[in-house]
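Below is a short note on the structure, set out as numbered points. It goes from strand pairing to cores, aromatic pairs and two buried sites.

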Amino acid sequence: MLSVETRHAIHPDHARTMGTQELREHFLGTGLFAPGEIRLIYTHYDRFTLGGAVPNGASLTLDVVDETRTATFLERREMGVVNIGGTGRVSAAGETWEMGRGDVLYLGMGAGPVTFEGEGRFYLVSAPAHRACPHRLIKLAEANRVELGEAATSNKRVINQFIHPTVMESCQLVLGYTQLVEGSVWNTMPAHVHDRRMEAYLYWGMTPEARVLHLMGEPTETRHMMIANEEAVISPPWSIHSGAGIGEYTFIWAMAGDNVDYTDMDFVQPADLK
C-alpha cells in the first residue's frame with residue numbers, strides 16, 4: 001500500500017554532466033498515482049516530500065513512514081493535499097473533509113494518521129514544521145487569484161494561491177496552482193530562481209498525448225525534460241523552472257525553505273538564459 005523513494009540533493013556541478021536519463025532519474029517523479037496505493041518521494045531538498053494517494057473507491061491510510069523516524073508521518077510535519085480526481089474524502093485528527101476536483105486541504109503538524117477514501121486522486125506535499133497551524137479545507141473560490149502574462153507573449157495565466165500568507169497560516173509550506181488561459185503555452189517566463197527555497201511542480205489536466213517541455217538547470221546551463229500528465233518535477237534552489245506545453249495544462253507548485261514570501265524570486269530574463 002505504501003512505497004517511498006528517497007532522492008538525494010544534487011550539486012549543480014553534477015547536474016551539468018547529466019544526460020537525459022540521469023536528469024529524469026534525479027528530478028522527475030513518475031507513476032505517483034497508482035490505484036490502491038500511496039507512493040511518496042522523500043527528498044533531501046528541505047526534507048520536502050511529494051507523492052500520490054489513490055484509494056480507488058476504497059480506503060488508504062498514511063501513518064508511519066520509516067524515513068522520518070517518527071511515530072506518525074505528520075508528527076513533526078505539515079501537509080498539503082490537492083484532489084486532482086473525482087470526489088473523495090480525507091480524514092485526520094477526528095475530522096473529515098469532502099474534497100472535489102481542485103480542492104486543497106492543509107493539515108497542520110500533529111494531525112496523526114490520514115485516511116483517503118472515495119474516487120479522489122490526491123496529490124500530497126509535505127515539509128517539516130515547528131508548530132501546529134489549524135487544519136483547513138480551501139475551495140477555489142477562497143484562493144487568492146492573481147492574473148499575469150499577456151496573450152502576445154503566450155503566457156497569459158491565472159495563479160491560484162491556496163496555502164499562502166494572504167489566505168491562511170502555515171509554517172514553511174506554500175502551495176497553489178497555475179492555469180494557462182486558452183491559447184497560452186508558457187508558464188513562468190521570464191524564469192527565476194530562489195536560493196532560499198526549493199520547489200516542486202506537478203503537471204496535470206493534460207491529454208495522454210500532450211507533453212510539457214520543462215526547462216531546468218542553472219540559468220547559464222539550462223537543461224530540459226519532456227513531461228507527461230501527472231508527472232512531477234523536483235526543482236532545486238539553484239534551478240530555473242519554466243516550460244511550454246502542447247495544449248491545455250495546469251501545474252501545481254509547492255515550496256519549502258527559509259520563508260513563505262511568494263515574491264522572493266531572482267528573475268532571469270530570456271536574453272540571459274543559455
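1. Two strands count as paired if DSSP finds at least two bridges between them. The model under review is predicted. In the pairing of β3 with β4, the bridge partner of I38 in β4 is A53. Six bridges join β3 to β4, and the two strands run antiparallel. Five residues lie between the strands in this hairpin, where D46 takes a positive phi near 55 degrees.

2. Strand β3 covers residues 37-43, and five of its seven residues are buried, so the strand is largely enclosed by the rest of the structure. Besides β4, β3 is joined to strand β1 (residues 2-7) by six bridges, and here the direction is parallel. L2 has I38 as its bridge partner in β3. I38 therefore appears in both pairings, with L2 in β1 and with A53 in β4.

3. Which residues have the most contacts inside the largest nonpolar core? They are F27, F48, L50, Y123, L175, Y203 and I252, in a core of 60 residues. Another core, of 21 residues, lies apart from it and includes F73, L74, L105 and F122. For L50, leaving aside neighbours within four places in sequence, the contacts are L32, R39, L40, I41, T43, Y123, L124, V125, A232 and I234.

4. Seven strands form an open sheet with antiparallel pairing, in the order β2-β21-β18-β23-β15-β14-β13. The edges are β2 (28-29) and β13 (144-148); each has a single partner strand, so one side of each is left without a neighbour in the sheet. Within this sheet, β18 (residues 197-204) and β23 (residues 250-257) run antiparallel and are joined by eight bridges. One of the bridge pairs is W204 with T250 in β23.

5. The structure holds nine aromatic pairs. In one of them, the ring centres of Y201 and Y203 are 5.9 Å apart and the planes are at 70 degrees, so the pair is edge-to-face. Y201 also pairs with F251: the centres are 4.6 Å apart and the planes at 20 degrees, so this pair is stacked. Y201 lies in β18 and F251 in β23, so the pair ties together parts that are 50 residues apart in sequence. Y201, Y203, Y249 and F251 form one aromatic cluster.

6. Are the rings of that cluster buried or exposed, taking Y201, Y203 and F251? Y201 is buried at a relative accessible area of 2%, and Y203 counts as buried at 0%. F251 counts as buried at 2%. The cut-off behind these calls is that buried means under 20% relative accessible area.

7. A further open sheet has four strands in the order β16-β22-β19-β20, again with antiparallel pairing. Here β16 (186-187) and β20 (221-227) stand at the edges with a single partner strand each, so one side of each has no neighbour in the sheet. Seven bridges join β19 (residues 212-218) to β20, and L215 has H224 as its bridge partner in β20. Helix α2 (residues 20-27) lies across β19 and β20, running at about 75 degrees to β20.

8. N83, in strand β6 (residues 77-83), is a polar residue worth checking. N83 is buried, with a relative accessible area of 0%. What does the side chain of N83 reach? The side chain reaches the backbone nitrogen of G85 at 2.9 Å and the backbone nitrogen of R121 at 3.2 Å. Leaving aside neighbours within four places in sequence, N83 is in contact with G88, M99, G100, R101, G102, D103, G120, R121 and F122.

9. P55 lies in the loop between β4 (49-54) and β5 (59-62) and is buried, with a relative accessible area of 3%. The C-alpha atoms of P55 and R121 are separated by 7.6 Å, while the two residues are 66 residues apart along the chain. Not counting residues up to four places away in sequence, P55 touches G36, L60, F116, E117, G118, G120 and F122. G120 and F122 are also among the contacts of N83.

Methods: Residues are numbered from 1 along each chain as its sequence is written. This is a predicted model: local features need pLDDT of at least 70, side-chain atom pairs count only at pLDDT 80 or more; totals for chains, interfaces and linings use all residues. Side-chain values use heavy atoms; hydrogens and water are left out. A nonpolar core is a set of buried Ala, Val, Leu, Ile, Met, Phe, Trp, Tyr and Cys residues joined through side-chain atoms within 4.5 Å. Buried means under 20% relative accessible area, exposed over 50%, partly exposed in between (1.4 Å probe, protein chains only). Contact means heavy atoms within 4.5 Å. A polar contact is a pair of N or O atoms within 3.5 Å; within protein, one must be able to donate a hydrogen and the other to accept it, and residues adjacent in sequence count only if both atoms are side-chain atoms. Rings of Phe, Tyr and Trp (its six-membered ring) pair if their centres lie within 6.5 Å; planes under 30 degrees apart count as stacked, over 60 as edge-to-face and the rest as tilted. Axes are lines fitted to C-alpha atoms, for helices over the stretch in contact, and angles run from 0 to 180 degrees between N-to-C directions.
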